[in-house]
Amino acid sequence: MNFDVVDLIRTKRDGGALGDAEIDWVIDAYTRGGVGDEQMAAMAMAIFLRGMSRAEIARWTAAMIASGERMDFSGLSKPTVDKHSTGGVGDKITLPLAPLVAVFDVAVPQLSGRGLGHTGGTLDKLESIPGWRAALSNEELFAQLDDLGAVICAAGSGLAPADKKLYALRDITGTVEAIPLIASSIMSKKIAEGTSALVLDVKVGSGAFMKSREQAEELARTMVDLGNDAGVRTTALLTGMDTPLGLTAGNALEVRESVEVLAGGGPDDVVELTCTLTREMLAAVGKTDVDVEAALADGRAMDIWRRMIAAQDGDPDAPLPVAKHQHMVVAAESGHIARMDAFDVGVSAWRLGAGRARKDDPVQAVAGIELHAKPGDEVSAGQPLMTLHTDTEERIARAVDALDGAVSYADGAPDLPGIVLGRVE
Ligand code: URA
């Protein structure tokens with residue numbers, strides 16, 4: 001059946017609900033080019049302002065899945081489980097997590113994307129490893145999953161192509177932060193990917209799409225229901241993103257920190273979140289009697305990491321690139337650090353060259369921020385707080401500007417929340 005896209009935009013603009021056939025048609029016509037970007041942009045803004053019912057979100061998701069191919073991992077000898085984070089600053093958890101989960105004879109098909117805006121992208125991080133290749137054929141992907149249990153690679157262009165177009169459009173039209181659009185975007189890719197179980201890491205706070213706990217809970221509930229209704233066993237953890245995760249934000253810097261975690265060290269928050277998500281993923285496929293900390297400490301996860309990097313032509317022993325220019329930011333006051341704003345640190349790292357403004361912009365592997373103190377730490381005025389890294393010296397002044405007001409201080413030790421704030425199943 002054919003519809004008039006302007007009628008459908010008006011329906012949504014005026015607060016009405018779109019029917020199943022209307023949703024199927026608009027997604028299909030947009031994917032094929034029959035509905036233009038300017039029309040879909042108007043529709044996305046109408047959805048942003050008016051919202052969607054659960055039934056509309058489920059149909060929108062199904063239509064985006066139907067726009068492309070579906071993968072099928074049922075032929076593998078192991079169960080599959082995937083993790084998806086809604087995105088944050090310094091969120092490198094996928095890197096230590098995929099090999100750690102694979103230690104327990106579970107396959108982790110981590111089909112990932114590149115960074116857009118102030119949050120980093122997993123592929124950009126891994127591409128700072130000399131030689132590492134993001135694009136794998138389906139045959140290579142299956143062979144690596146069977147052999148090692150862990151793959152992090154680029155999602156092929158055949159998976160939910162409607163979302164690829166729509167996400168790029170939302171990014172340039174101020175329509176990213178809408179729960180129906182985020183939920184359908186993430187879940188269409190994850191359901192099409194064919195994993196049997198999925199754990200969502202829904203970030204809450206200044207450095208996340210969802211700034212409040214209520215919004216994050218609604219997003220988590222929407223995605224968990226979409227996954228379970230589609231036969232993917234799905235749970236979500238709500239985790240804090242007011243402060244950057246770990247002590248690094250930026251591609252090569254985050255790889256270095258991930259390797260420290262795989263070597264049994266690394267910052268406590270990164271280790272805690274990696275282990276908590278690993279347990280959640282293993283429980284989703286029925287493995288509950290597991291000692292995940294031991295698999296980090298005794299090198300089993302590191303062994304899989306090294307083989308995983310080498311299988312994609314990366315050299316796990318090659319030195320990571322280092323920035324030509326470094327700039328120290330010092331504490332403005334003495335006292336305890338009460339707050340270090342994740343969004344500001346993310347924007348600063350992005351201005352240094354760690355992220356991209358447009359889809360095809362290059363990123364600097366070396367750019368980013370290293371933190372020397374975090375909220376809760378006591379510092380003296382003038383003490384090093386952060387080191388900014390970049391290959392482009394002119395970028396430093398604007399990166400420093402982004403940090404204006406990012407850090408606040410208190411006389412006594414602040415009361416800080418834990419990293420995991422809630423769970424939705
Ligand atoms: N990640 C996605 O894949 N889609 C969104 O809409 C937001 C984050």
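**A pocket and two sheets**

The second largest pocket is lined by 22 residues, and Thr-243, Leu-416, Pro-417, Gly-418 and Ile-419 lie nearest its centre. A pocket here is an open set of points on a 1 Å grid over the protein atoms alone, where a 1.4 Å probe fits, with protein on both sides within 12 Å along at least five of seven lines; lining residues have an atom within 4 Å of a point. This is a predicted model: local features need pLDDT of at least 70, side-chain atom pairs count only at pLDDT 80 or more, and totals for chains, interfaces and linings use all residues. Residues are numbered from 1 along each chain as its sequence is written, and side-chain values use heavy atoms, with hydrogens and water left out.

Stay with the pocket. Its space comes to about 480 Å³, a volume being what is filled by probe spheres set on the grid points. Helix 12 (268-284) and strand 8 (335-340) are the elements that give two or more residues to the lining. Helices (H or I, at least four residues) and strands (E, at least two) are DSSP runs, numbered from the N terminus. Domain 2 (81-311) and domain 3 (325-410) each supply at least three lining residues; these bounds come from an automatic or database domain assignment.

Strand 8 leads to a sheet. This open sheet has 3 strands in the order 10-8-12, with antiparallel pairing. Strand 10 (378-379) and strand 12 (407-410) are its edges; each has a single partner strand, so one side of each is left without a neighbour in the sheet. Two strands pair if DSSP finds at least two bridges between them. Strand 8 and strand 10 are joined over 2 bridges. Gly-335 stands opposite Val-379 in strand 10.

Another open sheet has 4 strands in the order 1-4-5-13, and its pairing is mixed. Its edges are strand 1 (81-85) and strand 13 (420-424), each with a single partner strand, so one side of each lacks a neighbour in the sheet. Inside this order, strand 4 (residues 197-204) and strand 5 (residues 233-240) run parallel over 8 bridges. There, Val-202 has Leu-238 of strand 5 as its bridge partner.

Now step back. The protein has 16 helices and 13 strands. Its radius of gyration, taken over C-alpha atoms, is 21 Å, close to the 22 Å that the globule rule (2.2 Å times the number of residues to the power 0.38) gives for 425 residues, so the protein is as compact as a globular protein of that length. The C-alpha trace spans about 65 × 45 × 40 Å along its principal axes.
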